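Thanks, everyone. I'll keep this short and talk you through one model. Have the viewer open as I go.

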Amino acid sequence: MNLLARLRGTDTSLAQETSDIEPVNSPGHDDPSLSEGAEAQCRNGVTASLKWAARTDVGKVRAHNEDSFLALAPTFAVSDGMGGHAAGEVASAIAVSVISKNAPAHADDLLLGAAIEKANAAVIEGAATGKGKPGMGCTASAISIEQNKMAVAHVGDSRVYLLHNGALVRLTHDHSYVEELVDAGEITADEARVHPSRSVITRALGSDPDMYADHFTIDVSAGDRVLICSDGLSSMIEDSQIEAISVSSATPQAAVDNLVAAALSEGGYDNVTVVVVDVVDDGVIDQHRKRRLRRFVGVGLVLLAICAALFAVSVLFVRNSWYVGVNGDVVAIYNGVNANLLGHDLYTLSETSTVQLEDLPEALRASLHEGVVVSSEAEAKATVKSYREQIKSDRERAQQVADKSTAGTETSQDNPAVAVSDEGGE
Ligand code: MG
């Protein structure tokens with residue numbers, strides 16, 4: 001576990017002036033009358049391809065709301081502050097403000113993660129320069145949706161869920177002590193939700209200048225619902241309840257209202273913040289999908305044409321190739337190349353000769369087994385003919401040698417003096 005793990009929920013009496021911080025859509029800084037009070041806030045909006053709503057609530061136990069959210073399409077984020085009053089909310093407000101200013105215009109998860117890392121530096125600087133208090137920190141979970149792509153970047157235990165085809169999937173992996181216990185198989189996810197150390201997080205903004213954000217990009221489609229929340233929701237109700245409420249809520253506004261209400265009804269022990277974003281079909285996504293399909297089909301056709309051309313060239317090459325090889329015990333002529341592809345021979349037998357392998361030199365026999373490549377059928381026939389003539393020539397030469405040897409033996413027998421003279425010369 002990271003040694004920088006912190007406990008959240010501590011509250012101190014130190015008050016700090018934070019009026020110079022103007023976070024985007026963070027609670028307490030923009031029309032708090034929208035909801036139940038200064039510690040609660042609700043927002044919603046719509047763009048050409050997104051419908052969204054966000055709600056944050058102090059809960060039923062805490063005196064202050066240290067959560068902040070960002071809802072500035074196409075970027076949405078939730079940040080859960082730590083360090084107590086005049087610290088946690090400052091940290092989370094700085095985080096969403098910096099993320100907002102540095103979020104990429106496109107669904108680029110690397111840049112979204114970099115925005116969170118800049119927010120980390122800003123929180124550290126804020127503590128050092130008196131905007132907050134030493135030791136303040138926060139989580140940050142952010143998304144950016146562009147057509148059918150969604151970039152996700154996060155640090156801490158504020159979560160991102162995706163509701164797709166009625167099924168809720170958690171996209172982020174908590175940087176928390178209990179998540180490590182779950183990963184190690186020591187406790188279950190349900191046990192983690194009520195574990196006494198559930199608030200200990202192992203990676204957060206505000207302490208380590210080298211902190212990094214996890215980030216990735218996934219496909220989304222019209223009809224998908226994305227949910228970002230602080231642990232004030234995920235620690236109060238089970239994922240199955242989050243799924244049921246998300247499925248049954250007709251609009252993003254209804255979803256955030258119902259989810260926050262569910263967390264409060266379970267006790268509301270923590271600040272609870274929920275952002276829900278619906279991906280809607282205004283034709284843009286469909287057009288993009290069709291463009292991608294056309295591009296995919298086009299690339300496929302080009303590859304198919306290239307493969308067909310290569311196949312045709314290969315067939316042509318094979319059909320115009322010849323070699324002299326072996327068929328049983330005799331030399332033969334083949335059309336093609338002496339190989340096979342996926343179990344299919346790349347040659348056909350064209351002609352079998354009467355030239356016996358055993359009449360040829362051993363080195364040539366080995367070459368014939370490998371296949372002696374020639375440029376044409378005519379050259380193949382000429383090669384076989386040369387073998388035949390070579391054999392015939394060798395036989396004639398051998399016969400001549402044999403004849404001379406026989407003649408010499410007969411002469412010696414007719415004239416023994418010669419033979420005696422020869423023996424004497426040795
Ligand atoms: Mg919390």
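I'll take the sheet, then the helices on it, then the hairpins.

A reminder before we start: this is a predicted model.

Start with the sheet. It is open and has six strands. The order reads E1-E2-E12-E11-E8-E9, and the pairing is antiparallel. Which strands sit at the edges? They are E1, residues 41-46, and E9, residues 167-170. Each of these two pairs on one side only. From one strand to the next, the twist averages 15°.

Zoom in on the E1 edge. E1 runs antiparallel to E2, residues 50-57, and six bridges join the two. For a landmark, pick Arg 43; its bridge partner in E2 is Ala 54.

Now the helices. H6 spans residues 239-248 and packs on the sheet. H6 touches three strands: E8 (159-164), E9 and E11 (225-229). Its direction makes about 130° with that of E9.

Next is H7, residues 252-265. This helix lies across E1, E2 and E12, the last being residues 272-279. H7 runs at about 25° to E2.

How do these two helices meet? Two packed helices are described by the angle between their axes and the distance between the axes. Here the axes of H6 and H7 come within 9 Å. They cross at roughly 150°. Angles over 145 degrees count as roughly antiparallel, so H6 and H7 are roughly antiparallel to each other. The crossing of H6 past H7 is right-handed.

Which residues make that contact? From H6, we have Gln 241, Ile 242, Ile 245 and Ser 246. From H7, they meet Ala 255, Asn 258, Leu 259 and Ala 262. By class, the contact of H6 with H7 has five nonpolar residues, three polar and no charged.

Last stop: the hairpins. E13 covers residues 322-327, and E14 covers 330-341. These strands run antiparallel, joined by six bridges. Trp 322 has Asn 335 in E14 as its bridge partner. The two strands form a hairpin, with two residues between them. Look at Gly 328 in that turn: its phi is positive, about 70°.

E14 then pairs with E15, residues 344-356, in the antiparallel sense. Eight bridges link E14 and E15. One landmark here is Asn 340, whose bridge partner in E15 is Asp 345. E14 and E15 form a hairpin too, with two residues between them. In this turn, Leu 342 has a positive phi of about 55°.

That's the tour. Over to you.

Methods. Residues are numbered from 1 along each chain as its sequence is written. This is a predicted model: local features need pLDDT of at least 70, side-chain atom pairs count only at pLDDT 80 or more; totals for chains, interfaces and linings use all residues. Two strands pair if DSSP finds at least two bridges between them. Helices (H or I, at least four residues) and strands (E, at least two) are DSSP runs, numbered from the N terminus. Axes are lines fitted to C-alpha atoms, for helices over the stretch in contact, and angles run from 0 to 180 degrees between N-to-C directions. Two residues are in contact if their C-beta atoms, placed from the backbone, lie within 7 Å. Angles under 35 degrees count as roughly parallel, over 145 as roughly antiparallel, 65 to 115 as roughly perpendicular and the rest as oblique. A crossing is left-handed if the near helix is turned anticlockwise from the far one by less than a right angle, and right-handed if clockwise. Ala, Val, Leu, Ile, Met, Phe, Trp, Tyr, Cys and Pro count as nonpolar, Asp, Glu, Lys and Arg as charged, and the others, Gly among them, as polar.
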